[in-house]
Amino acid sequence: DERHNGPLIVYPRSEVFRVVLSSYSFSIKDIGVAQLFNALASAGDYSESQDSNLRDGAIRRTAKTLLEWDRVLWLKSQGFSVKLCKMDPIEASPKNDIIIGYYEGSCSNKSTSNGKNTHSYCLKMASHYLLGSPP
């Protein structure tokens, strides 16, 4: 794709979610992993301002939490130590999940073999995935 400037992002990000969704895609005719993940993402487009006491709200909140865990598991697989938290107070924002992480690998100010500063590169890659900004 000519419009795409960075690495292609594949969803789900984590191997765990790819395996789980693959097992479900075999049991549901003509639905692949991408379609299942898109359905999960659509269901998870949820904010706390919606009533989670209702059945649909609880399902949407669960889907949103699963999406956050896909991100957490992917970051862990990339060498990050990660915590999934909520803003305090919870009413601070309708989208109140926070992923906090730091890179456990070597993030000194030395350059990698391709000339990139490892610390900057680690932060850019994490923000690229979490925020959708180009690396």
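Where in the chain is R13 found? I began with this residue and located R13 in the segment before α1. I kept in mind from the outset that the model is a predicted one.

**Entry 1: R13 and its surroundings**

I looked up the accessibility of R13 and found 12% relative accessibility, which counts as buried because the cut-off for that class is under 20%. I then checked the separation of R13 from D70, and noted that the two are 57 residues apart in sequence, while their C-alpha atoms are 6.2 Å apart in space. D70 belongs to the α3 residues that make the contact with α2, so I return to that helix pair below.

**Entry 2: the chain as a whole**

I recorded 4 helices and 2 strands in the protein chain, and from the N terminus on I read their order as α-α-α-β-β-α. Of the 135 residues in the chain, 24% are buried. Taking contacts between residues at least 6 apart in sequence, I noted that 38% of them join residues at least 24 apart.

For confidence, I found an average pLDDT of 76 over the protein chain, with 66% of the residues scoring at least 70. Among the elements, strand β1 (residues 80-86) has the highest mean pLDDT, at 90, whereas helix α4 (residues 118-131) has the lowest, at 59.

**Entry 3: the buried side of α2**

Which residues are buried in helix α2? In this helix, which spans residues 33-43, I found L36, F37 and L40 to be buried. They lie on the same side of α2, because they cover an arc of only 95° around the axis. I set beside this the general point that an α-helix has 3.6 residues a turn, so residues three or four places apart point the same way. The buried residues of α2 pack against both α1 (15-27) and α3 (55-77), and I took these two neighbours in turn.

**Entry 4: α1 against α2**

I noted that α1 and α2 pack at an angle of about 105°, with their axes 9 Å apart. The two helices are therefore roughly perpendicular to each other. On the α1 side the contact is made by F17, R18, L21, S22, Y24 and S25, and on the α2 side by V33, L36, F37 and L40.

**Entry 5: α2 against α3**

For this pair I found that the axes come within 7 Å and cross at roughly 120°. That angle makes α2 oblique to α3, and α2 passes α3 in a left-handed crossing. From α2 the contact is made by F37, L40, A41, S42 and A43, and from α3 by R60, A63, L66, L67 and D70.

I looked more closely at R60, which lies in helix α3, and found that R60 counts as partly exposed because its relative accessibility is 27%. The C-alpha atoms of R60 and A43 are separated by 5.2 Å, although the two residues are 17 residues apart along the chain.

**Entry 6: cis peptide bonds**

Which residue does a cis peptide bond join to D88? I found that the partner is P89, with omega at about 5°, and I placed P89 in the loop between β1 and β2 (97-103). I also recorded that the peptide bond from Y11 to P12 is cis, with omega near -5°. P12 is found in the segment before α1, where I had also located R13.

Conventions: Residues are numbered from 1 along each chain as its sequence is written. This is a predicted model: local features need pLDDT of at least 70, side-chain atom pairs count only at pLDDT 80 or more; totals for chains, interfaces and linings use all residues. Side-chain values use heavy atoms; hydrogens and water are left out. Buried means under 20% relative accessible area, exposed over 50%, partly exposed in between (1.4 Å probe, protein chains only). The arc is that of the directions from the helix axis to the C-beta atoms. Contact means heavy atoms within 4.5 Å. pLDDT is the predictor's confidence in each residue, from 0 to 100. Axes are lines fitted to C-alpha atoms, for helices over the stretch in contact, and angles run from 0 to 180 degrees between N-to-C directions. Angles under 35 degrees count as roughly parallel, over 145 as roughly antiparallel, 65 to 115 as roughly perpendicular and the rest as oblique. A crossing is left-handed if the near helix is turned anticlockwise from the far one by less than a right angle, and right-handed if clockwise.
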